[in-house]
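Let's take a walk through a protein model, one topic at a time. Keep the picture open while you read, so you can find each spot as we reach it.

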Amino acid sequence: MKMRYYHLFPTTRNPASPDPAWLAEARASLMCSGCGSLPRTGKVPDVVVQRNPDKSAINVVYGVYICYALTSLLDTLCQGEFVPFFQLGRLLNSDKEVVPDVRTFMCHRTVLVRGNEKSTFRLCPVCHRLLYCAVGKRYLVRRHTAGIVIAEDEGGGLVVNELVAGRLSARGWKNLGLKKLELCDEPIDGLNIA
Ligand SMILES: [Zn+2]
């Protein structure tokens, strides 16, 4: 059987805004000086946002390249087995209270959801992170998909196989996009990566 893969992504246009004081401190002490990413190794740092976020199932923190999701969504995807797939962090509000029921996450496995030739990308000269903005129909390069169960889309969101995607149907998830991804043998975006 050929495995199918699905893209899970936020459909809200209201990303959470980072708390300015936290952001200034994080930029000075934590983030990559080249691209502003949070480090992907070690513990996921706490992220402080300006307001309690809405109840979107998945969303991003604007400008710092990290997503957060309802704990119940992540739990449903991995059936309670967080450790093999996710490193989890906390989201705090500007009163430094932990926002309940959501977690920031970084996946151990990453994959790039690709777009067409109008997609843009650059490689951070400091941390070598690929910063990619997909345009047009999204797809995966087939040779990059072997063994994917739950992976993080480097452009923001998750890629899951059809078995994992099938766990989502029992209830509605607010602002969660779910789309089947085509598999292509060669990318059409002009980006040559192994
Ligand atoms: Zn960087």
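Here is a short briefing, from the whole chain down to single residues. Keep in mind that this is a predicted model. The protein chain holds 3 helices and 14 strands, and the domain assignment splits the chain into domain 1 (13–107) and domain 2 (110–184).

**The whole chain**

- Along its principal axes, the C-alpha trace of the protein chain spans about 50 × 45 × 30 Å.
- How does the radius of gyration agree with that of a compact globule? For 194 residues such a globule would have a value near 16 Å, and the protein chain has 16 Å, so the two agree.
- Buried residues account for 30% of the 194 residues in the protein chain.
- Take the contacts between residues at least 6 apart in sequence: 70% of them join residues at least 24 apart.

**Two domains and where they touch**

- The centres of domain 1 and domain 2, taken over C-alpha atoms, are separated by 18 Å.
- How many residues are in contact across the two domains? On the domain 1 side there are 18 residues, and they are in contact with 21 residues of domain 2.
- On the side of domain 1 that touches domain 2, the elements giving two or more residues are β3 (58–61), α2 and β7 (102–107).
- The largest share of that side comes from α2, with 4 residues.
- Sorted by class, the side of domain 1 that touches domain 2 has 12 nonpolar, 5 polar and 1 charged residues.

**Helix α2**

- Helix α2 covers residues 71–78, and L73, L74 and L77 in it are buried.
- Why do the buried residues of α2 line one face of the helix? Look down the axis of α2: its buried residues fall within an arc of 95°, so one face is what they line.
- Just after α2 comes Q79, which takes a positive phi of about 55°.

**The open sheet**

- Six strands build an open sheet, and reading across it the order is β8-β12-β13-β1-β14-β11, with mixed pairing.
- Which strands sit at the edges? They are β8 (110–111) and β11 (139–141), each pairing on one side only.
- As a general reminder, strands of a sheet pair through backbone hydrogen bonds, either parallel or antiparallel.
- Strand β1 (residues 5–10) pairs with β14 (residues 176–184) in the antiparallel sense, over 6 bridges. You can spot one such pair by finding P10, whose bridge partner in β14 is L176.
- Strand β1 also pairs with β13 (residues 158–161), again in the antiparallel sense, over 4 bridges. Here, H7 has V159 in β13 as its bridge partner.
- Strands β12 (residues 150–153) and β13 run antiparallel and are joined by 3 bridges. Within this pairing, E152 stands opposite L158 in β13.
- The hairpin of β12 and β13 has 4 residues between the strands, and G156 takes a positive phi near 115° there.

**A buried residue: I66**

- You'll find I66 in strand β4 (residues 66–70).
- Is I66 buried or exposed? I66 has 22 other C-beta atoms within 10 Å, and 20 or more is the cut-off for a residue to count as buried, so I66 is buried.
- Leaving out residues up to four places away in sequence, I66 touches L38, V47, V61 and T104.
- Now look across to L183: I66 and L183 are 117 residues apart in sequence and 25 Å apart in space, C-alpha to C-alpha.

**Positive phi in two loops**

- For background, most residues other than glycine have a negative phi.
- H128 isn't a glycine, yet it has a positive phi of about 65°.
- Where does H128 sit? H128 is in the loop between β9 (120–123) and β10 (130–133).
- H128 is exposed, with 10 other C-beta atoms within 10 Å.
- N175 is a residue other than glycine too, and its phi is positive, near 60°.
- The loop that holds N175 lies between α3 (162–165) and β14.
- N175 is partly exposed, with 16 other C-beta atoms within 10 Å.

Conventions: Residues numbered from 1 in each chain as written. Predicted model: local features only at pLDDT ≥ 70, side-chain atom pairs only at ≥ 80, totals over all residues. Pairing = 2+ DSSP bridges. Buried ≥ 20, exposed ≤ 12 C-beta atoms within 10 Å, placed from the backbone. Arc of directions from axis to C-beta. Rg over C-alpha atoms; globule rule 2.2 N^0.38 Å. Contact = placed C-beta atoms within 7 Å. Domains from an automatic or database assignment. Nonpolar A, V, L, I, M, F, W, Y, C, P; charged D, E, K, R; others polar.
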